[in-house]
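Colleague: I am new to this structure and would like a close look at a single part of it. Please take me through one pair of packed helices and the charged contacts around them.

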Amino acid sequence: MVFRGTIADAADFDPAADAEVLYNAMKGIGSDKEAILDLITSRSNAQRQEVIAAYKGSFGKDLIDDLKYELTGKFERLIVSLMRTPAYHDAKEIKDAIKGAGTNERCLIEILASRTNQQIHDMVAAYKDAYGRDMEEDIVADTSGHFKKMLVALLQGRRDESGVVNADLVEQDAQDLYAAGEEQWGTDEAKFIMILGSRSGTHLRMVFDAYEKIAEKSIEDSIKSELSGDFERLMLAVVQCIRSVSMFFARRLYWSMKGLGTADNTLIRIMICRSEIDMLDIRECFRLRYEKSLYNMIKDDTSGDYKRTLLNLCGGDDDLAGEFFPEAAQIAYKMWELSAMTKVQLRPTVRPAANFDPASDAQALRKAMKGFGTDEDAIIDIVAQRSNAQRQEIRQTFKSLLGRDLMKDLKSELSKNLERLIIGLMLTPAEFDAKMMRKAMEGAGTDEHALIEILATRSNEEIQAMNAAYQNGYKKSLEEAIQSDTSGHFCRILVSLVQGAREDGPADAERVNADAQELANACNADSDDMEMKFMSILCTRSFPHLRKVFQEFVRFTNKDIEQIIKKEMSGDVKNAFFAIVRSVKNQPSYFADRLYKAMKGLGTDDRALIRIMVSRSEIDLFNIRKEFKETHDASLHEFIQGDTSGDYRKTLLVLCGGED
């Protein structure tokens with residue numbers, strides 16, 4: 001196995017000399033923490049065990065007891081944990097996860113889903129030795145249901161590690177998983193446990209590919225729709241570890257530091273247990289997924305000697321590097337392949353109302369606005385729970401039945417964000433997009449992010465309808481408006497997109513390699529040529545074609561298209577190309593990220609929030625919700641609830657369509 005850790009055996013190692021350095025660092029008043037952390041993080045775990053023995057032999061004292069006495073807090077926890085063998089460290093983490101009132105299920109999942117057979121056997125033996133108890137019995141007593149059964153299956157440490165693949169069995173397992181879940185009402189959890197708990201990683205990766213062809217969705221998506229709770233989380237972790245243990249740990253590290261507060265136990269556990277195995281690959285996967293180095297995230301999220309120790313274990317800053325490590329290049333290639341294969345079923349949150357009666361709705365809206373005061377609840381209940389086509393019927397019926405303009409009445413009765421949101425819902429999608437483009441360009445500044453978001457994500461038909469609505473509403477072409485409000489390459493990109501002439505259809509196999517090679521060659525050109533070449537491909541090819549192009553780009557360059565754009569371009573040009581790439585990869589995820597940015601931090605970007613909630617509610621807002629939850633570990637519903645208020649909030653929550 002190739003060494004991919006950041007901590008290795010120190011050369012010219014002398015355990016007696018190290019023991020003396022540590023003894024002197026802790027002698028007298030105060031302790032020399034830098035000397036302690038520098039020595040311990042520059043020795044392998046095997047060497048640390050020799051230092052412990054030498055310390056006892058030379059000074060008749062227990063090194064771990066002395067370290068506990070001299071150090072405090074998270075720094076003490078980290079240093080003491082580094083001094084345990086991997087098996088005893090895992091055993092202690094499992095013990096801590098199940099002792100006391102609650103159970104730390106995430107810790108159980110992380111350890112048991114990611115360890116090899118040998119690591120599990122060593123851990124079980126260490127647990128017995130340290131606590132005089134049987135690990136399996138303790139876990140069984142503390143967990144339940146299918147979650148318990150899968151943990152017990154993993155605890156046996158009997159996964160096939162031969163790497164031998166039987167092609168017939170691959171097809172059979174894929175069919176069996178499909179039959180156990182997607183194909184029937186209810187789920188045969190035992191089948192999932194048997195296959196995912198025992199087959200080899202090589203075999204299962206082929207099963208996942210075969211499954212995707214049968215089900216037309218990824219195994220992860222099926223698990224999310226078929227399973228729930230801790231059992232779902234455990235099975236997803238197993239799948240992630242089969243695909244890439246390094247990416248699994250990159251995700252866990254990110255979540256340990258994201259948001260308010262740090263999950264220090266998780267951070268410490270992973271940094272220790274992977275530092276001698278695959279920390280280099282975890283670092284690269286981290287940068288690939290989160291566009292920031294693990295080193296910098298640790299630096300921003302921790303402090304003092306604790307931070308210095310973690311940074312030593314991390315071993316380097318990948319924001320200074322350029323190319324992928326081998327593992328990360330393979331993962332990037334595979335991610336594009338998965339993106340190209342997955343047929344996502346787009347799901348709205350707003351559908352046509354049953355038993356729809358436009359006359360009755362028109363009368364109810366008039367009643368809600370007549371007389372003193374306005375019945376906002378009645379307006380919200382009707383407008384937010386009808387499809388756009390139904391709202392257009394209500395508009396027409398309101399005029400023919402009552403001789404009044406519904407839009408004018410709504411504007412005079414409502415105010416601020418509620419008015420903007422309700423009016424946005426009452427416009428046709430083309431009128432709404434045209435209005436949003438107009439708002440993004442009027443006045444002193446330009447909202448470039450809004451222009452990019454709309455033009456990078458709309459279909460040719462939607463763009464052409466928006467162009468017609470803009471011309472009709474503002475007596476000027478949208479292209480002219482863009483040209484008078486933007487400049488340079490950014491203007492050219494927007495003008496290219498506003499033509500609504502992107503190619504349709506699947507990837508053109510003959511042109512995929514040529515386009516990927518052209519983008520690769522453009523990376524060595526000057527910035528003007530590079531931007532023009534990127535524009536000629538990114539703004540004109542179909543999304544399925546671009547997925548394959550970006551995949552082959554990884555093979556040609558050993559780099560990811562997103563990181564090239566981030567590194568080589570700047571400003572609005574970078575943002576525009578980045579939005580196209582993110583949309584090609586996973587459009588609901590792109591919108592989830594835009595919604596998150598609209599609400600995080602101080603103040604809310606209400607225009608962006610309204611724009612996305614209105615424009616996606618009948619297309620893919622349910623998918624966006626799912627991506628939001630997965631990426632930000634909080635639901636879109638929670639975010640809207642915490643960030644908005646009153647009738648505006650009530651309307652947004654109706655559009656959101658539920659709590660995840």
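Modeller: What follows is a walk through one helix pair, and then through salt bridges in and beyond that pair. Keep in mind that this is a predicted model.

The pair is α6 and α7. Their axes come within 8 Å of each other and cross at roughly 150°. An angle over 145 degrees counts as roughly antiparallel, so α6 is roughly antiparallel to α7. The crossing of these two helices is left-handed.

Which residues make the contact between α6 and α7? From α6 come D90, E93, I94, A97 and I98, and they meet C107, L108 and I111 of α7. Sorted by class, this contact holds 6 nonpolar and 2 charged residues, with no polar ones.

D90, one of the residues in that contact, also forms a salt bridge with R115, and the closest N and O atoms of the two are 2.8 Å apart. This pair links distant parts of the chain: D90 belongs to helix α6 (residues 86–98), while R115 sits 25 residues away in the loop between α7 (105–114) and α8 (117–131). Are D90 and R115 buried or exposed? Both are buried.

Other salt bridges can be set beside this one. The structure holds 42 salt bridges. Among them is the one in which the side chains of D264 and K74 meet, at 3.9 Å from N to O. D264 lies in helix α17 (residues 264–274) and K74 in helix α5 (residues 73–83), so this bridge ties together parts that are 190 residues apart in sequence. D264 has a relative accessible area of 12%, and therefore counts as buried. K74, at 36% relative accessibility, is partly exposed.

Another salt bridge joins the side chains of D138 and R133, with 2.8 Å from N to O. Here D138 is buried, at a relative accessible area of 9%, whereas R133 is partly exposed, at 41%. There is also a network: E93, E110, R252 and R269 are joined into one by salt bridges that share partners. Of these residues, E93 has already appeared in the α6 side of the helix contact.

To return to the part you asked about, α6 offers D90 and E93 to the contact with α7. D90 is paired with R115 in a salt bridge, and E93 belongs to the network with E110, R252 and R269.

Notes: Residues numbered from 1 in each chain as written. Predicted model: local features only at pLDDT ≥ 70, side-chain atom pairs only at ≥ 80, totals over all residues. Heavy atoms only, no water. Salt bridge = Lys/Arg side-chain N within 4 Å of Asp/Glu carboxyl O. Helix = DSSP H or I, 4+ residues; strand = E, 2+ residues; numbered from the N terminus. Buried < 20%, exposed > 50% of the residue type's maximum accessible area, 1.4 Å probe, protein only. Axes fitted to C-alpha atoms, helices over the stretch in contact; angles between N-to-C directions. Parallel < 35°, antiparallel > 145°, perpendicular 65-115°, else oblique. Left-handed = near helix turned anticlockwise from the far one by under 90°. Contact = heavy atoms within 4.5 Å. Nonpolar A, V, L, I, M, F, W, Y, C, P; charged D, E, K, R; others polar.
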